[in-house]
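This report covers aromatic contacts and internal cavities in one protein. The sequence and the model are shown first.

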Amino acid sequence: MSLALLPLERVSPISPAFETSQKVVHRFNRELGPGEVLEVTATRVRVRFPRTEEVLEFSANDNALSPLVLPASADPERWWDSFGDDVLDRLARLETDSLRAWKNRIDGYRLRQIREAQGLGSFLGGRIEIFPHQLHVAEQAVATDPVRWLLADEVGLGKTIEACLILSHLVRTGRVDGVLVVAPASLTVQWLGELYRKFHQVFVLLDEERLKDVRKDFGEEFNPFHAHPRSVVALEEFVEHPELAKQAQEAGLDLLVIDEAHRLERRRGHPGTPAYRTMAPLCESVDNVLLLSATPLDADTHGFFRLLQLLRPEAYPNWDQFEDDLKNQKPLYPCTSATRRDDIGGLPPRVPYPIQLPEWSALNDLMKPHFGSPTKNALEKKRRVADVARTLETPTGIDDPRLKWIIKEFPNWKDEGEKVLIFVHSKDTLDFLKKELEKKTLKKISVFHEDLSPAARDLEVAQFATPEGPTLMVSTEAGGEGRNFEFCRGLVLFDLPFNPALVEQRIGRLDRISRTRPVEVYYFKSSEPFSAHLTELYEALGVFKEPLGGLDRSLAHVEQALEDAIASGSQELDIPRIIEETREARALMGAGILHHLHQNRYQPELEAGILERIPKNL
């Protein structure tokens, strides 16, 4: 309809004194429709709004009311029907907003455009550095309904951030309410911190103390997940108290997140580990499930199948079918992500620093009795292996050359404001090092071990990470899983476990995506024959220089070869044979034969397009 043909019904730009029966319109509350003045006093104006059947009072000087001039064609009985309020009607009445209001509206549109970020808006706003592959994975996951997803990126690429991005999106868009995060006990407080500090999500740690509080406040039979619908619970807590898992099933949760999901193991023909049997029914009862595991498809095909089966049992009813699908190169069900370091251009390198120790007669004397003759049975073999491992790891006293080297290097690290992480195997060694290092340096030494509560561990890490905090932290293997120490300059391997996967776990605490400088890896080389061969083997395997990338299970023969050598009474190792057995597995992993079966996986060429969608001024 042409504007020229519209009847000139208009709102007066000037607000004269109101009169009874005068027609008015509220400039800001448009849904009231047109009104008629019923009564006017010196200070008040009463107005009836026929469309809403309301009578309201306003100040006589209220500039929100404007006189309304009706067209001559208006029906006297139903005059309000002639009032239209769309854009054309308002233009026809010569009714315009102020320039200030127009600018405000344009600013609002711009802010909305920034917030939406072409579909990425719900993932932005956290106090984190987000990488393109993480946004890609999060978008892929939330595009499904329900979200049942396996996050299987390589170690160090930020699976926890991806899970939090997905969780935060689902919560903020109203798709989920009740959320349960299950993680190993050593990581529960870290999850609380990640969710709160980085994503503004408040969760509760449901530990034994909090569960007691629930029973005290609400009664023995009250479901704790009703009291705390967003909670973090240790996997060990569920395994020890199966009734807690049953309560979680009955709570009607909307989202379940399980970290370190490779712990949910179920071999062929076996009902599964206690962790698997506890979590499997919960995975089935919750609509949305996220599983986090660093074990790639190529490295543990059956373990990967079990995790997929928890998420999509209808797609993977049995192992035989899954195995046939892989042989036929059939793409995986679109519920996985498995970004590799190569996909994002790699991470800063690992730089090995071998420390050649002086003649160490104390160690030679302690090691000799363990060699010379073979063991007679399996029990004797087990004991000898444990004795040798303990001898290599335990300090030989205050003259231990490893301790002396750390004391010598300490002033340099402290003066440069650096942080260094020292890994040991046992709590006894940790206690010895803490005592001697504090005595020699006169400085506090941070510690991280299994006897500390989750909260105490987090406090130690937080203090260690501050610029004014301790220079050194000594950690047992408890710090080797899931923890982030990327702020450290390097780590000292005080001992070398017989399982190379443990060495990889230790180094992996520093080798993270947010790191911007090389990882310095210090390890000791002694002249004692068995120790020297062990170090030589790990150097040949490239353990100190390259990530294993999921080869953990494929290197089981290494530990077996070490144990067999100890049992034989020989201090020699057949290093070429062990290397040859490893080469095939490493080549298979490097080729990523099955990697391409992940659908819609992240690829380097996607980076530019994702970054373009993030507002530069956000």
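In this predicted model, the charged end of K23 lies over the ring of W79, at 4.9 Å from the ring centre.

Aromatic rings also meet one another: a search of the whole structure gives 21 aromatic pairs. In one of them, Y523 and F544, the ring centres are 3.8 Å apart and the planes are at 10 degrees; planes under 30 degrees apart count as stacked, so this pair is stacked. Y523 belongs to strand 19 (residues 519-525), while F544 is in the loop between helix 19 (529-541) and helix 20 (556-568), so the pair ties together parts that are 21 residues apart in sequence. Buried means under 20% relative accessible area, and both rings' residues are listed below with their values.

| Residue | Relative accessible area | Class |
|---|---|---|
| Y523 | 3% | buried |
| F544 | 2% | buried |

Y353, W405, W413, F494, Y522 and F524 make up one aromatic cluster.

The last topic is internal space. The count of cavities of 30 Å³ or more is 1, and the largest cavity has a volume of about 40 Å³. Its lining consists of H136, V137, Q140, W149, T336, S337, Q599, N600, R601 and Y602. Helix 3 (132-142) and strand 13 (336-337) each contribute at least two residues to the lining of the largest cavity; helix 3 gives the largest share, 3 residues. By residue type, the lining of the largest cavity has 3 nonpolar, 6 polar and 1 charged.

Conventions. Residues numbered from 1 in each chain as written. Predicted model: local features only at pLDDT ≥ 70, side-chain atom pairs only at ≥ 80, totals over all residues. Heavy atoms only, no water. 1 Å grid on protein atoms, 1.4 Å probe; cavity = no way out; pocket = protein on both sides within 12 Å on 5 of 7 lines; lining within 4 Å. Points joined across faces, edges and corners; volume = space filled by probe spheres on them. Helix = DSSP H or I, 4+ residues; strand = E, 2+ residues; numbered from the N terminus. Nonpolar A, V, L, I, M, F, W, Y, C, P; charged D, E, K, R; others polar. Phe/Tyr/Trp six-rings, centres within 6.5 Å; stacked < 30°, edge-to-face > 60°. Buried < 20%, exposed > 50% of the residue type's maximum accessible area, 1.4 Å probe, protein only. Lys NZ or Arg CZ within 6 Å of the ring centre and 35° of its normal.
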